[in-house]
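Please look through the model below with its helices, charged pairs and aromatic rings in mind. The report after it takes these topics in turn.

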Amino acid sequence: MLLDPLFMFVILPDGMEVLGAGIATCLSNVIAFIFLGTVLYRASKNGPLSMRLSDARRIRPQDFRQFFAVGIPAFSLTGLFDLAAIVLNALMAGHGDLQVAAIGIVMKAERLPTAINIGLCQGMLPIVAFNSTSGDRKRMEAVISYVRKLGVMISLIAIVLFQIFAVPLCGVFMSTSLGNGEKAAATLVFAATFLHIRCLVSPFQFLNYHTSHCLQAVGAGRETMLHALMRELVFYIPMMFIFNKLFGLYGLVASIITGEACGALTALALLNRWKRQHPV
């Protein structure tokens, strides 16, 4: 946040703002890497963490396989999410430049509650994993239930706030002081309307993240992968093409609701099946 304006508007000359943002991003990641590496190194001196290659070579094959069984599906989920965003932008381009700009603004605005909910899921994951491994299913279920209720509540609050404050919130992500004011105003109208529609997906989107993290926590790599594939390739991406064809611009915007709802139902079904297959 500090390096972006510094490189974009102070250090580099006018016209090189994109390069400045890239340099700022690179430097911030390098600094974060050095910081985290230092913290990990210090923690490895007095705790169970290790940065020694000799310890890495002693990892058991079954643990190594489990690492990839859970890690690859999680990676695939992120990659498919990005693929869906690319498809959305490509289809939106067929409706006009203002619409593309508007959906970009909306995707930034809706990350606010999403980031909170992902943080809750990431905090839940190690607790669920520990209790699943130790056999304390009662505590595991209590944690899952608590985070699910909290996340849904945050999502519902986000819907209300987005419905009320869509215009000023979208306005934060754009400037009407430069360029064509009429086009900027039209873009803002599109963005606010899109946000009114897309915010309705928040509870379903949270349930997808929440249940996917639960499946990862219990080591259900196959189910996590199946959910990722079903959510994006079977439901959301095809829904974009279908809704865009049948209902046009606003159908394309609303397609995420149906896609994420179907994905959430699939995820919950997979988690319940895992519970039946692994009774207490």
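What follows describes a predicted model, beginning with the overall fold and ending with the aromatic side chains.

## Overall fold

The protein chain is built from 11 helices and zero strands, so that, because helices are counted as DSSP runs numbered from the N terminus, the elements are named here by their order. Read from the N terminus, the elements run α-α-α-α-α-α-α-α-α-α-α. Along the principal axes, the C-alpha atoms of the protein chain fill a box of roughly 60 × 50 × 30 Å, and of its 280 residues 40% count as buried.

## Helix α7 and its nonpolar patch

Helix α7 covers residues 137-172, and leucine 161 lies in this helix. Although α7 has 36 residues, its end C-alpha atoms are only 45 Å apart, which falls short of the 52 Å that a straight helix would reach at 1.5 Å a residue. A bend of about 80 degrees is found in α7 at phenylalanine 165, and proline 168 follows within four residues of that position.

A nonpolar surface patch of about 560 Å² is also found here, made by Met153, Ile157, Val160, Leu161, Ile164 and Phe165. Leucine 161, one of the residues of this patch, has a relative accessibility of 43% and therefore counts as partly exposed. Phenylalanine 165 thus appears both in the patch and at the bend of α7.

## Helix α10 and the turn after it

For α10, which has 27 residues, the expected span at 1.5 Å a residue is 39 Å, and the end C-alpha atoms are 37 Å apart, which agrees. A bend of about 30 degrees is nevertheless found in α10 at methionine 230. Just after α10, glycine 248 takes a positive phi of about 75 degrees.

## Salt bridges

Five salt bridges are found in a search of the whole structure, and three of these pairs are described here, beginning with glutamate 110 and arginine 198, whose side chains meet with an N to O distance of 2.6 Å. Glutamate 110 lies in the loop between α5 (97-109) and α6 (111-134), whereas arginine 198 lies in helix α8 (residues 181-198), so the pair ties together parts that are 88 residues apart in sequence. Both glutamate 110 and arginine 198 are buried.

Helices α10 and α11 are joined by the other two pairs described here. In one of them, the side chains of arginine 273 and glutamate 223 meet in a salt bridge of 3.8 Å, N to O; arginine 273 belongs to helix α11 (residues 249-277) and glutamate 223 to helix α10 (residues 221-247), so that distant parts of the chain, 50 residues apart, are linked. Arginine 273 counts as partly exposed because its relative accessibility is 35%, whereas glutamate 223 is buried, with a relative accessible area of 11%.

In the other pair, the side chains of arginine 231 and glutamate 260 meet at 2.8 Å, N to O. Since arginine 231 lies in helix α10 and glutamate 260 in helix α11, the pair ties together parts that are 29 residues apart in sequence. Arginine 231 counts as buried at 1% relative accessibility, and glutamate 260 is buried as well, with a relative accessible area of 2%. Arg231 and Glu260 are also linked with Glu232 in a network of salt bridges.

## Aromatic pairs

Three aromatic pairs are found in a search of the whole structure. In one of them, the rings of phenylalanine 190 and phenylalanine 194 have their centres 5.9 Å apart and their planes at 35 degrees, so the pair is tilted. Phenylalanine 190 and phenylalanine 194 both lie in helix α8, four residues apart, which is about one turn of the helix, and both are buried.

Phenylalanine 194 also forms an edge-to-face pair with tyrosine 250, at 6.0 Å centre to centre and with 70 degrees between the planes. Because phenylalanine 194 lies in helix α8 and tyrosine 250 in helix α11, the pair ties together parts that are 56 residues apart in sequence. Phenylalanine 194 counts as buried at 0% relative accessibility, whereas tyrosine 250, at 38%, counts as partly exposed. Through these ring pairs, Phe190, Phe194 and Tyr250 are linked into a cluster.

Notes
Residues numbered from 1 in each chain as written. Heavy atoms only, no water. Patch = residues over 30% accessible without salt bridge, like charges linked within 9 Å, V, L, I, M, F, W, Y side chains within 5 Å. Areas by Shrake-Rupley, 256 points an atom, 1.4 Å probe, with all protein chains shown as cover. Salt bridge = Lys/Arg side-chain N within 4 Å of Asp/Glu carboxyl O. Buried < 20%, exposed > 50% of the residue type's maximum accessible area, 1.4 Å probe, protein only. Expected span 1.5 Å × (residues − 1). Bend = angle between axes of the 7 residues up to and from the residue. Phe/Tyr/Trp six-rings, centres within 6.5 Å; stacked < 30°, edge-to-face > 60°.
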